[in-house]
Amino acid sequence: MSRSEFVIIAMYVDDLNIIRTSGELPKAVDCLKKQFQMKDLGKTKFCLGLQIEYMKDGIFVHQSTYTEKILKRFYMDKAHPLSIPIVLRSLDIKKDPFRPHENDEEFLGAKVPYLSALEH
C-alpha cells in the first residue's frame, strides 16, 4: 500500500463500514474474511440514523426518514407548514387554537411520552 492509499474501518456493534481508496477494498475485505465470517451488504444506506446517498460528485448525508418518524410520533406529520417560522397565538384564551379544549385535556395527549417530547 502506498502512502496515498488508505482503509478506514468503522465498527458499531456487529456492523462494519469500510472507507477506502479505490484499490484497497478487496485487500481489506479478503484479510477480514480470513478471520471473521462476513457478509457484504453493499454500500451503506443507513448508519446510526443517518441516510447516505451516493452522487457522482460526492455523498449526501441527511436524516429525512428519522425526521418523518419523529413528526409522526408527535402527530405533526399532517401539520400545515407556514411561510414564516412563527406561531401566532391569541391573547384571548377562547380564540387560542393551542389551548386544551376540555378541562382535563393535556397539550400533548396521553399517548405522547412527555420526556421524549422534551428531548426531541
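Before we look at any residue, let me fix one set of words: a residue is called buried when its relative accessible area is under 20%, exposed when that value is over 50%, and partly exposed in between, with a 1.4 Å probe and protein chains only as cover. By that rule Tyr75 is partly exposed, because its relative accessible area is 48%.

Please keep in mind that this is a predicted model, in which local features need pLDDT of at least 70 and side-chain atom pairs count only at pLDDT 80 or more, while totals for chains, interfaces and linings use all residues. Residues are numbered from 1 along each chain as its sequence is written, and side-chain values use heavy atoms, with hydrogens and water left out.

Let me begin with the overall layout. The protein has three helices and five strands, where helices (H or I, at least four residues) and strands (E, at least two) are DSSP runs numbered from the N terminus. Read from the N terminus, the elements follow the order β-β-α-β-β-β-α-α. Of the 120 residues in the protein, 12% count as buried. The protein exposes about 11,300 Å², of which carbon and sulfur atoms supply 58%, and these accessible areas come from the Shrake-Rupley method with a 1.4 Å probe, where for residues only the protein chains shown count as cover.

Now to the strands, which are said to pair if DSSP finds at least two bridges between them. As general background, strands of a sheet pair through backbone hydrogen bonds, either parallel or antiparallel. Here β1 and β2 pair in the antiparallel sense over six bridges, and Tyr12 has Asp15 in β2 as its bridge partner. The two strands form a hairpin with two residues between them. Val13, in the loop between β1 (7-12) and β2, has a positive phi of about 55° although it is not a glycine, and Val13 counts as exposed because its relative accessibility is 64%.

Returning to Tyr75, we find this residue in the loop between α2 (64-73) and α3 (114-119), and Tyr75 also has a positive phi, of about 60°, without being a glycine.

Is Asn17, which lies in strand β2 (residues 15-20), buried or exposed? Asn17 is buried, because its relative accessible area is 18%. The side chain of Asn17 makes a polar contact with the side chain of Thr44 at 2.3 Å; such a contact is a pair of N or O atoms within 3.5 Å, and within protein one must be able to donate a hydrogen and the other to accept it, while residues adjacent in sequence count only if both atoms are side-chain atoms. If we leave aside neighbours within four places in sequence, Asn17 is in contact (heavy atoms within 4.5 Å) with Ile8, Ile9, Ala10, Thr44 and Cys47.

The remaining strands make an open sheet, three strands in the order β3-β4-β5 with antiparallel pairing. Its edge strands are β3 (46-47) and β5 (58-62), each of which pairs on one side only. Five bridges join β4 (residues 50-55) to β5, and Gln51 stands opposite His62 in β5.

Finally, Tyr54 lies in strand β4 and counts as partly exposed, because its relative accessibility is 38%.
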